[in-house]
Amino acid sequence: MLTPDQFFAFLATAILLTLTPGPDNMMVLSVGVSKGRARGIAFGLGCAFGCLSHTLLAVIGVSALIAASPLAFTTLKVCGGLYLAWMGWHAIRSRGEARLDTAHASAAPARTLFFKGLVANAINPKVALFFLSFLPQFIVAQRGDANLQTALLGLTFTLQAVVLFGLLGFFSGAIGQWLARRPKAGQWLDRAAGTIFIALGLRLIVAR
C-alpha cells in the first residue's frame with residue numbers, strides 16, 4: 001500500500017500536471033465549448049481511462065527491469081529523470097500558446113467521443129513514455145512490492161484525471177472564457193509544471 005506522504009505528494013503533482021494546458025485538456029475544453037457539456041465530459045473521461053493501459057505497461061516494464069537486474073532498473077530511473085527534466089525545460093520555455101480549437105471539434109455522439117478519447121490516449125507513445133518515467137520515482141523500495149505500488153499510483157493518476165477532465169467538460173464554457181481573457185495563464189501553468197518536472201527528474205537521477 002501507499003503511505004500517506006507518498007500518496008499525497010504524488011496526487012498533488014498529478015493534479016498540477018493534469019491541469020497544465022496540453023492537447024488532451026484543451027481538446028476537452030474545445031469539445032465542451034462547441035458541442036456541449038455531455039460531449040466534453042465524454043471525451044474527457046475517455047482520455048482519463050486511457051491512462052489505465054499505460055499503468056499496465058508501466059507495471060510490466062518496471063517488473064521486467066527489476067527481474068532483469070538492479071542496474072537495469074537504475075538505468076530506467078536515470079533515463080526517466082533525464083526525460084522529465086527535458087520536458088520541464090521545454091515547459092518553462094513555453095509561451096503558453098495553447099488555444100481552444102472549436103472550429104474542428106467533433107460533432108460525434110458522446111459515446112463515440114468517449115472511445116475516441118480512450119483510444120487516442122491509449123495508443124499515444126508519449127503518454128506511455130511519461131508513465132514509465134514518472135511513476136517509478138514515487139515507488140518506495142523499502143516497502144517492497146514495486147508492482148503494487150506502481151499499479152496504485154497509476155490508478156490514482158487515472159482517478160484524479162477522471163475527476164478533473166469531467167469537471168473541465170462540465171465547466172468548459174466558463175473555463176474557456178476565463179482562458180481567453182487571460183492569455184498568460186497557460187504560460188504560468190507551464191512554468192509551474194516545468195519546474196516540478198525538472199525537480200522530479202533531478203530527484204530521480206540522484207536517488208539511490
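## Helical architecture and nonpolar cores

Read along the sequence, this protein follows the pattern α-α-α-α-α-α-α-α-α-α, a succession of ten helices with zero strands. The model is a predicted one. Of the 208 residues in the protein, 42% are buried, and among contacts with a separation of 6 or more, 85% join residues that are 24 or more positions apart. The accessible surface amounts to about 10800 Å², with 70% of that area belonging to carbon and sulfur atoms.

The largest nonpolar core holds 21 residues, and those with the most contacts inside it are Phe-10, Phe-130, Phe-131, Phe-134, Leu-135, Leu-153 and Phe-157. The helices listed below each supply at least two residues of this core.

| Helix | Residue range |
|---|---|
| α1 | residues 4-19 |
| α4 | residues 51-68 |
| α7 | residues 125-134 |
| α8 | residues 146-170 |
| α10 | residues 185-206 |

The greatest contribution to this core comes from α7, which gives four residues. Leaving aside residues up to four places away in sequence, Phe-134 touches Phe-10, Thr-13, Leu-17, Leu-84, Phe-157 and Leu-200. Another core, of 13 residues, lies apart from the largest one and has Val-31, Leu-113, Val-162 and Leu-168 among its members.

Helix α6, spanning residues 110-122, has 13 residues and reaches 18 Å from its first C-alpha to its last, close to the 18 Å expected at 1.5 Å a residue. Within α6, the residues Leu-113, Gly-117 and Asn-121 are buried. Viewed down the axis of α6, its buried residues fall within an arc of 60°, and they therefore line one face of the helix.

Conventions: Residues are numbered from 1 along each chain as its sequence is written. This is a predicted model: local features need pLDDT of at least 70, side-chain atom pairs count only at pLDDT 80 or more; totals for chains, interfaces and linings use all residues. Side-chain values use heavy atoms; hydrogens and water are left out. A nonpolar core is a set of buried Ala, Val, Leu, Ile, Met, Phe, Trp, Tyr and Cys residues joined through side-chain atoms within 4.5 Å. Buried means under 20% relative accessible area, exposed over 50%, partly exposed in between (1.4 Å probe, protein chains only). Contact means heavy atoms within 4.5 Å. The expected span of a helix is 1.5 Å times one less than its number of residues. The arc is that of the directions from the helix axis to the C-beta atoms. Accessible areas come from the Shrake-Rupley method with a 1.4 Å probe; for residues, only the protein chains shown count as cover.
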